[in-house]
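New to this one? Take a look at the structure below, and then we'll walk through it piece by piece.

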Amino acid sequence: MTETTLQEQISELIQPMLGELREATSSPREMDALRKSLGSWRERKDKCDAVLARIKELAGRNKDESLVSEFESARKFWESRQAEAEGQIAVLSEQIEDRERRQKPMFEALSELFSKFFRSRGLNLLLAVIAGVAGFVIVKRAYGSLRRYSPVHRKGKGNLTGRVSDILAMALAMLAGVMGVLLVFYVRGDWLLLTLVLVLLIGGAWAGKEALPPYVDQIRMLLNLGSVREDERVVYQGLPWKVASIGFFTTLTNPNLRGGSLRIPIRDLMGMISREADPKEPWFPTKEEDWVVLGDGVYGKTITQTPEFVVVLRLGGSLKTYVTTDFLAQTPENLSHGFRISCVFGIDYQHQEVSTKEVPGILAQAITGGLAGEFGREAVRSVKVEFSAAAASSLDYEVLADFDGSLGSRYNALRRRIQSVCVDVCNERGWVIPFTQITVHQAAAGPAADD
């Protein structure tokens with residue numbers, strides 16, 4: 001028994017494919033060969049015409065009887081070749097015209113080609129697809145059933161053994177699908193499609209040999225051993241996200257955003273770093289229906305917040321829309337968890353004797369009573385009035401009032417109400433509220449100017 005070389009084995013493998021290609025292209029190749037042959041014979045005829053014209057010209061100019069016989073002999077030779085060329089041209093032209101007459105329109109030819117394909121190999125291809133999908137689905141479902149009862153996967157989400165088994169199960173499912181395709185082609189005796197699939201598999205394996213190293217980090221990520229891990233916190237496109245699950249497509253979630261779930265390819269995680277999230281750490285500074293004050297002075301209620309936009313409803317009904325990252329850049333102050341209002345109020349210097357002992361307590365008591373009566377005692381957490389400064393024209397007091405987040409919608413009204421209560425107390429006590437005094441000092445007159 002003789003041993004075959006690798007080249008011979010490869011040649012045997014691709015022989016069915018080459019045979020099918022030859023059969024599929026036989027008609028165009030024959031037509032092309034006829035046209036080339038026709039062109040060659042026409043070139044010969046043109047050459048014969050040129051030679052005969054030259055012989056006739058020379059015979060007309062030379063009357064030497066010794067050359068007449070030579071010219072005649074040459075003329076007969078080239079005329080015979082001319083006649084042969086004309087005959088071949090006529091035959092080839094007729095063959096080409098006959099083939100062109102029998103050639104079907106493109107649409108009809110394509111329809112016949114597809115019809116022939118589906119009659120011969122379409123069924124095989126359909127069966128192969130069904131077998132491949134069935135093999136993949138059966139293995140995946142069998143593994144899914146096993147996974148529900150496997151003690152390995154009950155140890156907790158993200159354990160290494162479970163992830164390795166998941167990847168191996170995926171590889172086994174893909175292998176089952178490929179084997180199903182190959183088995184159908186082998187049983188049906190369709191060597192062409194079998195050869196094509198084998199060539200594709202060999203090519204893919206060869207390409208994978210060169211392309212696999214860059215994917216090592218992705219494989220490590222799939223095993224939950226990379227720089228981004230499940231249940232940790234990561235910043236993606238300027239927003240914080242929780243890594244819900246890592247797979248070929250990774251799921252990121254943010255519970256404080258409407259539609260806060262992203263499905264991104266694992267390659268987008270390359271170069272990112274996650275960290276453990278503290279249970280008290282917020283995923284976004286606000287929630288919908290929270291009242292906020294932004295760095296640009298906008299005050300209102302967040303009515304919509306998504307990964308793309310945040311919409312703030314301002315008093316009066318106008319809507320202010322921010323790109324979500326721009327909203328974060330405004331360093332929003334969330335009023336819905338409680339807030340403080342600080343304002344300054346002053347009285348005249350004539351009340352200096354009672355300014356530090358009596359006035360702060362009286363103002364604090366009046367402000368607390370006024371705010372509690374209007375907004376509810378439980379909503380007013382505390383009120384403090386402290387002497388602040390002896391200003392240029394007044395004795396100033398700083399009012400510090402803390403409120404429950406339920407009064408976030410009354411943020412501006414509360415500030416005005418505090419000032420109103422302070423004025424009422426001054427009216428009741430007879431305390432004078434000073435105004436800013438401007439003293440104009442006139443410079444002494446200088447010596448009179450010379451006339």
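## A small hairpin to start

Let's begin with two strands that run antiparallel: β1 (residues 233-236) and β2 (residues 239-245), joined by four bridges. Across from Tyr236 you'll find Leu239 in β2. The hairpin that β1 and β2 make has two residues between the strands, and Gln237 there takes a positive phi near 55°. Keep in mind as you look around that this is a predicted model.

## The whole protein

Now zoom out. The protein has eleven helices and twelve strands. It has 451 residues, and 33% of them are buried. Its accessible surface comes to about 29200 Å², with 57% of that belonging to carbon and sulfur atoms.

What about contacts along the chain? Taking the contacts with a separation of 6 or more, 60% come from residues 24 or more positions apart. For a single pair of residues, try Ala134 and Ala176: they are 42 residues apart in sequence, and their C-alpha atoms are 8.7 Å apart in space. Ala134 sits in helix α4 (residues 106-149) and counts as partly exposed, because its relative accessibility is 31%.

## A three-stranded sheet

Further along the chain there's an open sheet of three strands, in the order β10-β12-β11, with antiparallel pairing. Why do β10 and β11 each have one side without a neighbour in the sheet? Both stand at the edges, β10 at 339-347 and β11 at 380-390, and each has a single partner strand, so one side of each stays free of a sheet neighbour. On average, neighbouring strands here are turned by 20° against each other, direction ignored.

The antiparallel pair β11 and β12 (residues 395-403) is joined by nine bridges. If you'd like one to look for, Val383 has Ala401 in β12 as its bridge partner.

## Helices across the sheet

Two helices lie across strands of this sheet. Helix α10 (residues 359-375) lies across β10, β11 and β12, and runs at about 150° to β11. Helix α11 (residues 411-429) lies across β10 and β12, running at about 30° to β10.

A salt bridge connects these helices: Glu374 pairs with Arg417, and their closest N and O atoms are 2.9 Å apart. Glu374 belongs to helix α10 and Arg417 to helix α11, so the pair ties together parts that are 43 residues apart in sequence. Glu374 is partly exposed, at a relative accessible area of 44%, and Arg417 is partly exposed too, at 25%.

## More charged pairs

Side chains of opposite charge can pair when their charged atoms come close. How many salt bridges does the structure hold? The count is eleven. One of them is between Lys301 and Glu289, with the closest N and O atoms 3.3 Å apart. This pair links distant parts of the chain, twelve residues apart: Lys301 is in strand β6 (residues 299-305), while Glu289 is in the loop between β4 (261-265) and β5 (291-293). Glu289 is partly exposed, with a relative accessible area of 46%.

Back at the sheet, Asp404 and Arg381 meet through their side chains in a salt bridge, 3.2 Å from N to O. Asp404 is in the loop between β12 and α11 and Arg381 is in strand β11, so parts 23 residues apart in sequence are tied together. Asp404 is partly exposed, at a relative accessible area of 26%, and Arg381 counts as partly exposed at 46%. Finally, Lys45, Asp49 and Glu86 form one network, joined by salt bridges that share partners.

Conventions: Residues are numbered from 1 along each chain as its sequence is written. This is a predicted model: local features need pLDDT of at least 70, side-chain atom pairs count only at pLDDT 80 or more; totals for chains, interfaces and linings use all residues. Side-chain values use heavy atoms; hydrogens and water are left out. Two strands pair if DSSP finds at least two bridges between them. Axes are lines fitted to C-alpha atoms, for helices over the stretch in contact, and angles run from 0 to 180 degrees between N-to-C directions. Contact means heavy atoms within 4.5 Å. Buried means under 20% relative accessible area, exposed over 50%, partly exposed in between (1.4 Å probe, protein chains only). Accessible areas come from the Shrake-Rupley method with a 1.4 Å probe; for residues, only the protein chains shown count as cover. A salt bridge is a side-chain nitrogen of Lys or Arg within 4 Å of a carboxyl oxygen of Asp or Glu.
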